[in-house]
Amino acid sequence: LVSWTVMLDAYARTGQIEAAKALFDSLPERDLVVWTAMVDAYGHEGRVKDAADLFWSTPYHDVVSWNSMLTAYVKNGFYDEARDVFQTMPQRDLVSWNALLVAYAQEGELAEAERVFSQMPDCNQVSWNAMLAAYAQAGRAELAEWVFEEMPCKDLVSWNALLSVYAADGRVEQARTVIEERMPHRSVVSWNAMIAAYGQNKQLREAKQVFGAMPERNHATWNAMLVAYADAGDAVGATRVFHTMPDKN
RNA sequence: GGUCUCCCGCUG
């Protein structure tokens, strides 16, 4: 069953949701982990109804399977249902609390997100990063910077979130200083954020420099370049990017 | 072996 679950998860991660479901249906027996993996797969695919049906036909649940259903609702914008699940679940852990915080943040309910953050029984790096992202998404750059300074530890996600705060605030030079001089490590997400920042700023040349220098690219990299060309009004360049990108959806 | 936070697009 462990190998089946690994395989199901691999199908789901590559967007082969029907293959995942076919595998799930063909299993001679199922445990809670494989049920939960399938629920989560539906959630990531935006198939909330299928996720819920499967969740409620699961013979029993644990905190991880409850969390999977909770985040399926959160990710897809079903915030009332998410709150219902949170209140209904018999136990909650840090993941549940973080998911609830994210739900309020995505809803734009900053005050509620703050309330969750201050009232949750524990908080970890993810909680701090989620609060930082909440302020960033709300366009509250000053508050986001304040959280960044206050947080006890900063990981790569925190630094990347700070990059997007500056980018969204139009402070591209500050973002560049952060990525070039202050960040202890960088990832493809960091570089993508810079490409997007330069693109929004119509600095196509700088975006291209980042693109050419980065050691690793993913689909978001290509999309960000495509958008940078499109926003700059360079249809020829955009077309060239489109035809060069390895994966199109 | 399953669940939470950061980048682009789509859904809008």
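**Close-up views of a predicted protein–RNA model**

**View 1. Contact of α1 with α3.** Thr5, Leu8 and Ala12 in α1 meet Val33, Val34, Ala37, Met38 and Ala41 in α3, where contact means heavy atoms within 4.5 Å and helices are DSSP runs (H or I, at least four residues) numbered from the N terminus. These residues divide into seven nonpolar, one polar and no charged, with Ala, Val, Leu, Ile, Met, Phe, Trp, Tyr, Cys and Pro counted as nonpolar, Asp, Glu, Lys and Arg as charged, and the others, Gly among them, as polar. The axes of α1 and α3, which come within 10 Å, cross at roughly 0°; axes here are lines fitted to C-alpha atoms over the stretch in contact, and angles run from 0 to 180 degrees between N-to-C directions. That makes α1 roughly parallel to α3, a term for angles under 35 degrees, whereas those over 145 count as roughly antiparallel.

The model is predicted, so that local features need pLDDT of at least 70 and side-chain atom pairs count only at pLDDT 80 or more, while totals for chains, interfaces and linings use all residues. Residues are numbered from 1 along each chain as its sequence is written, chains are lettered from A and ligands numbered from 1 in the order in which they are written, and side-chain values use heavy atoms, with hydrogens and water left out.

**View 2. Contact of α11 with α12.** Helix α12 (residues 172-182) packs with α11 at an angle of about 160°, their axes being 8 Å apart, and the two helices are therefore roughly antiparallel to each other. Trp159, Leu162, Leu163 and Tyr166 of α11 make the contact with Val172, Gln174, Ala175, Val178, Ile179 and Arg182 of α12. By class, the residues of this contact are eight nonpolar, one polar and one charged.

**View 3. Surroundings of RNA strand B.** RNA strand B is surrounded by 41 residues, of which Thr36, Asn98, Asn160, Asn192 and Asn223 are the closest; a residue is near the strand if one of its heavy atoms lies within 4 Å of it. Sugar and phosphate account for 50% of the strand B atoms that come within 4 Å of the protein. The surface near the strand has 21 nonpolar, 16 polar and four charged residues.

**View 4. Polar contacts to RNA strand B.** Sugar or linking oxygens of RNA strand B lie 3.2 Å from a polar side-chain atom of Ser68 and 3.5 Å from an N or O atom in the side chain of Thr71. For Ala193, a polar backbone atom is 3.2 Å from a sugar or linking oxygen of the strand.

Technical notes. Polar contact = N/O pair within 3.5 Å; in protein donor to acceptor, adjacent residues only side chain to side chain. Parallel < 35°, antiparallel > 145°, perpendicular 65-115°, else oblique.
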